[in-house]
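Biologist: I would like a close look at one part of this model, with its surroundings described carefully enough that I could follow them in the coordinates.

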Amino acid sequence: MNNALKIEMLSTGDEVLYGQITDTNASWLSDFLFQHGFTMTSRFTVGDNLNQLIDTLIKRSKENDILIINGGLGPTSDDLSAQAAAQANNEALVLHQEWLTVLEQYFASRARKMPPANIKQAMLPKSASIIDNPVGTACGFKMVINNCTLFFTPGVPSEFKVMVENQILPDLKKLQPNIIKPLCYRLTTMGRTESDLADEIEKKLSVPAGIDVGYRSASPIIELKLTGKMSDQPIIDNLWEQLKHLVSDNLLYEGTIGLAGIVSKELRDKSQQLVVLEEQTAGLIAYQLYGENAPLIKSETSTNITHRITELTAQFPHALILYLGQFSDDNSQFTLQLVTPKQTYRYRLKYRSRRYNRQTEQQIFSAIALDALRRYLTNQPLIGPNTWLDVIENNVPNQ
């Protein structure tokens, strides 16, 4: 093997190939391996076609050191991974009594009789060794084809992740024991274009070879990454401080906590309760905050609910009340209002980027509202610099 393992992921299933489900396992695996020092070299997707699966396993095993195959381990007729693996290696499927016992115990513990179809999940290639699945019935397994180690994993994300973390990663570390973990810092911005950020960073930041600046755009945010070797940490730390200074006006948060996560933390730290009223975003703001355990005491979503602000201010005099609504399709204007125990901030804003689908626009407007709340909680002006956002009018106390 080369010093750096060539690792490839092969996702299987018509539903993945045809885009009927999003392949979250692939993106998760790429990031997980990277955090542990392993770089995935390529990814493939194959449908539920036995001959194509066999051919792909043979070809890709000749090109890689490691193949991680995801999906196709269930009990139904379209679950073909074990059969394809056996035929690709010119061997038979055999009953692995060890896993059959696990299956029988699994169903017995739930007071159910095991369906005969599940026996298929204990039929594995003769040379395969079992990879335990502590949270499901799909038996993972590994085997060698063309001097390549193949790991077969279930498609269910919770089962897949446990298998990778607890069993596949330790095997990879044995195959490449001197792995060097990368150092990766992340921050997220809003209000500037990717090209604008890149131009300024390239002009003002001197980045030596071996250290990379990366960009990921997902409207309305742009994530910046600074990546290098752990041995270069003093240099990376210095660059990181410079980078944060360059984007400080548009910086939302560092790391991966998320905007709702940072807002929820600020609310909890300040023992501040929150009421959310939202028209355009259909409950998305409250949904995100609830998922981060924010002190959210009331949430309402409807149309024309501005009259509720006065009522709720009287009902919850010590809470913050965040309102987003009055969106106009004609000119993309909307109202953002924050009522605090001491004063009220009210903005009429215009989002002047191109129109997106409804879901993306909800994400954009919810991010603007959450950022305004974050800025209030961190003693900043509620509306920061934003290339796509104009303040049409405001009724704002001196800040």
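Which residue takes a positive phi in the hairpin of β7 and β8, and how many residues lie between the strands?

Modeller: The model is predicted, and the values that follow are computed from it. The residue is Asn-146, with a positive phi near 55°, in a hairpin that has 2 residues between strands β7 and β8. The two strands, β7 at residues 140–145 and β8 at residues 148–153, pair in the antiparallel sense over 5 bridges, and one position to look at is Val-144, whose bridge partner in β8 is Thr-149. Strand β7 also pairs with β6 (residues 129–131), again antiparallel, through 3 bridges, and here Ser-129 has Lys-142 as its bridge partner in β7.

The cysteines deserve a check as well. A search of the whole structure returns 0 disulfides, and for Cys-139 the nearest cysteine sulfur, which belongs to Cys-148, is 19 Å away. Cys-139 is buried, with a relative accessible area of 2%. Cys-184 is also buried, although its value of 18% has to be read against a cut-off of under 20%.

From the hairpin one can turn to the open sheet, in which 4 strands follow the order β10-β11-β9-β12 with antiparallel pairing. The strands β10 (212–218) and β12 (251–254) stand at the edges with a single partner strand each, so one side of each is left without a neighbour in the sheet. From one strand to the next the twist averages 25°. Within this sheet, β9 (residues 182–190) and β11 (residues 221–229) are joined in the antiparallel sense by 9 bridges, and Ile-222 in β11 is the bridge partner of Thr-189. Helix α2, residues 24–35, lies across β9 and β11 and runs at about 130° to β9. Helix α7 (residues 194–204) has among its buried residues Leu-197, Ala-198, Glu-200 and Ile-201, and the buried residues of α7 pack against β9, β10, β11 and α8 (233–246).

A second helix, α10 (residues 284–291), can be described in the same manner. Its residues Ile-285, Ala-286 and Leu-289 are buried, and they lie on the same side of α10 because the arc they cover around the axis is only 90°. On the face turned away from that buried side, α10 carries the exposed residues Tyr-287 and Gly-291. The buried residues of α10 pack against α9 (259–269), β13 (274–278), β14 (296–301), β15 (320–325) and α12 (358–377).

The packing of α10 on α12 can be given in detail: the angle is about 65°, the axes are 9 Å apart, and the crossing is right-handed. On the α10 side the contact involves Leu-284, Ile-285, Gln-288 and Leu-289, which meet Gln-362, Gln-363, Ser-366, Ala-369 and Leu-370 in α12. Of the α10 residues in this contact, Ile-285 and Leu-289 are buried. After α10 comes Asn-293, with a positive phi near 60°, a backbone feature to set beside Asn-146, whose phi in the hairpin is positive and near 55°.

How values were computed: Residues numbered from 1 in each chain as written. Predicted model: local features only at pLDDT ≥ 70, side-chain atom pairs only at ≥ 80, totals over all residues. Heavy atoms only, no water. Pairing = 2+ DSSP bridges. Axes fitted to C-alpha atoms, helices over the stretch in contact; angles between N-to-C directions. Contact = heavy atoms within 4.5 Å. Buried < 20%, exposed > 50% of the residue type's maximum accessible area, 1.4 Å probe, protein only. Arc of directions from axis to C-beta. Disulfide = S-S within 2.5 Å. Left-handed = near helix turned anticlockwise from the far one by under 90°.
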